[in-house]
Amino acid sequence: MQKLEVLGGKKLRGQVDISGSKNASLPILAATILSEEKICLTNLPRVKDIETMVNLLKSIGSNIKRDSKKKSLSITNNKKLKFFAPYNLVKTMRAGILVLGPMLARFHKAKVSLPGGCSIGTRPIDIHLNCLSKLGVEYKISNGYVYASAKNGLVGARIKFPKISVGATENLIIAASRAKGATILSNCAIEPEIKDLVNFLNKIGAKIKWIGKRTVKIFGVKKFKESKYKIMPDRIEAGTYMIAAAITEGKILIKGIDPKLIKAEIDLLKKIGVKIFNFKNKLKVIGSNDIKNTIIKTAPYPGFPTDLQAQIMVLLCKAKGLSIISEEIFENRFMHCGELNRMGAKIIIKGSKAYISGNIKLKSAELMATDLRASVCLILAALIAKGKSTINRIYHLDRGYESIEKKLRKIGAKIKRKS
Ligand code: UD1
């Protein structure tokens, strides 16, 4: 199994180019099922989750041509497709459930594996299923699969999400794009990736309009058009490199991201003492050895993202006093804390809150990654720990960070992959 070795203590300096967003690419790839026309997607990140979604689409019969150098692919779903998403492809990536909505919209039938457990929480799909049933879907769950159908096709409806869910909002927006009549969805997640999905759908011929902050109106259409679409940049990758600059007291120019997309992150880092200069589509981050302690609550966008909670925690170990992070989205997203404590951190978990003592100098260790964001948090910790750290189980990392060692080495990190 592959692992990473990191020699800590280097200040990172230089430029990082941000890749396309994984979390925007996944629903957009799933949404291509809606259309019979050719769709060309560019700026897809080269990460494992995208591979998995592409393999899922190939397995149902999509015709996909890739140009991996240009990070683009063209996809045509004009042949007879299967409406089956098997366990072996959905088990490694929860976003596999996003094919359910488009399959039902186009074929009125779908058999999709339940995504199953996940180390960061139980992550049910009840909201996806209950809301799809309001569009006319009937379903049963048997042997680990969702068997769903809509005898008369999907019919538009007025639906209020009982809780803000990124995946359920995406599944419903995609499904309603090819339903009969109009759908109004309220209490939607409004992450930039959802806005990107809506922009994509409108480009291929859907009729979707935001009519309130969290309310969207979708007029179902049956015909789509041939189109080309560029995926937005990965704001979580950008946030991770901002924290890398801050934590190593380095200076990094982060290119290819609109600072407006990561306002909450920029505001927070500035508040605790990191210097950040915004430009059009790039920002300069300068670390400091004077980080203030703080209180953070993760929240749906525009709040502070749960996907950066593990990374910011490492920075708070260096703060001048006690910090508190409340994890409000997932019930079990503190698995990295045990590993950070093995490096000398003093983090205590009480329910959904982590109490992080400051003024800690982390020490190197042999470490085990537990999920995608926890993996990158351990790399950040290893970058400032004295000595050589080894991070095991890095397959999680490869699901979501493109060329991370290469990008880090380019800005001065001592990091290498070993088999
Ligand atoms: C997406 C992101 C993930 C991010 C998360 C929250 C992708 C591919 N993944 O995940 O990186 O951490 O948003 O920003 O974009 N829930 C239910 N029932 C449901 C659906 C969700 O109870 O049917 C709960 C979840 O368990 C969780 C909360 O709602 O506690 C939010 O989850 P959701 O926003 O759906 O996250 P994902 O779409 O899975």
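**Group meeting: helix pairs, sheets and spaces**

H6 and H7 are roughly parallel to each other, because the angle between them is about 10 degrees and anything under 35 degrees counts as roughly parallel. Keep in mind that this is a predicted model. H6 covers residues 166–176, and H7 covers residues 192–203. Their axes sit 10 Å apart.

Which residues of H6 and H7 meet? From H6 we have Val-166, Thr-169, Glu-170, Ile-173 and Ile-174. From H7 we have Ile-194, Leu-197, Val-198 and Leu-201. By class, that contact has 7 nonpolar residues, 1 polar and 1 charged.

Now another helix pair. H8 runs over residues 235–247, and H10 over residues 309–316. Their axes come within 10 Å and cross at roughly 10 degrees. So H8 and H10 are also roughly parallel to each other. On the H8 side, the contact uses Ile-236, Thr-240, Ile-243, Ala-246 and Ile-247. On the H10 side, it uses Gln-311, Ile-312, Val-314 and Leu-315. Here the classes are 7 nonpolar, 2 polar and no charged residues.

Stay with H10, and look at the sheet beside it. This is an open sheet of 4 strands, in the order S18-S19-S21-S20, with mixed pairing. Which strands are at its edges? They are S18, residues 295–297, and S20, residues 347–350. Each of those pairs on one side only. From one strand to the next, the twist averages 15 degrees. Inside the sheet, S19 (residues 323–326) pairs with S21 (residues 353–356). That pairing is antiparallel, over 4 bridges. One bridge to look for puts Ser-323 opposite Ile-356 in S21. H10 packs on this sheet and touches S18, S19, S20 and S21. The direction of H10 makes about 175 degrees with that of S19.

Next, the other sheet of 4 strands. This one is open too, with mixed pairing, and the order is S6-S7-S9-S8. S6 (84–85) and S8 (138–142) stand at the edges. Each has a single partner strand, so one side of each is left without a neighbour in the sheet. How do S6 and S7 run, parallel or antiparallel? They run parallel, joined by 2 bridges, with S7 covering residues 109–113. Phe-84 has Lys-111 in S7 as its bridge partner. A helix lies here as well. H4, residues 100–107, lies across S6, S7 and S9, where S9 is 145–149. H4 runs at about 160 degrees to S7.

One general point while we are on strands. In a regular strand the side chains alternate between the two faces of the sheet.

Now S11, S12 and S13. S13 is residues 215–219, and S11 is residues 182–186. These two pair in the antiparallel sense over 4 bridges. Leu-185 is matched with Val-216 in S13. S13 also pairs with S12, residues 207–212. That pairing is antiparallel, with 5 bridges. How many residues lie between S12 and S13 in their hairpin? There are 2. Gly-212 has Thr-215 in S13 as its bridge partner.

Another hairpin is formed by S4 and S5, with 4 residues between the strands. S4 is residues 63–67 and S5 is residues 72–76. They pair antiparallel over 5 bridges. Ile-64 is the bridge partner of Ile-75 in S5. In the turn, look at Lys-71, which has a positive phi of about 55 degrees.

Lys-71 brings us to the cavities. A search of the whole structure finds 3 of them at 30 Å³ or more. The largest holds about 50 Å³ of space. What lines the largest cavity? Lys-71 is there, along with Arg-66, Asp-67, Ser-68 and Ser-72. Leu-44, Pro-45 and Arg-46 are in the lining too. That lining divides into 2 nonpolar, 2 polar and 4 charged residues.

Last, a pocket. The second largest pocket has a volume of about 450 Å³. There are 16 residues in its lining. Closest to the centre are Glu-249, Lys-318, Ile-360, Lys-361 and Ile-384. By class, the lining has 5 nonpolar, 4 polar and 7 charged residues.

Technical notes
Residues are numbered from 1 along each chain as its sequence is written. This is a predicted model: local features need pLDDT of at least 70, side-chain atom pairs count only at pLDDT 80 or more; totals for chains, interfaces and linings use all residues. Side-chain values use heavy atoms; hydrogens and water are left out. Two strands pair if DSSP finds at least two bridges between them. Contact means heavy atoms within 4.5 Å. Axes are lines fitted to C-alpha atoms, for helices over the stretch in contact, and angles run from 0 to 180 degrees between N-to-C directions. On a 1 Å grid over the protein atoms alone, a cavity is a set of points where a 1.4 Å probe fits but cannot get out, and a pocket is an open set with protein on both sides within 12 Å along at least five of seven lines; lining residues have an atom within 4 Å of a point. Grid points are joined across faces, edges and corners, and a volume is the space filled by probe spheres set on the points. Ala, Val, Leu, Ile, Met, Phe, Trp, Tyr, Cys and Pro count as nonpolar, Asp, Glu, Lys and Arg as charged, and the others, Gly among them, as polar. Angles under 35 degrees count as roughly parallel, over 145 as roughly antiparallel, 65 to 115 as roughly perpendicular and the rest as oblique.
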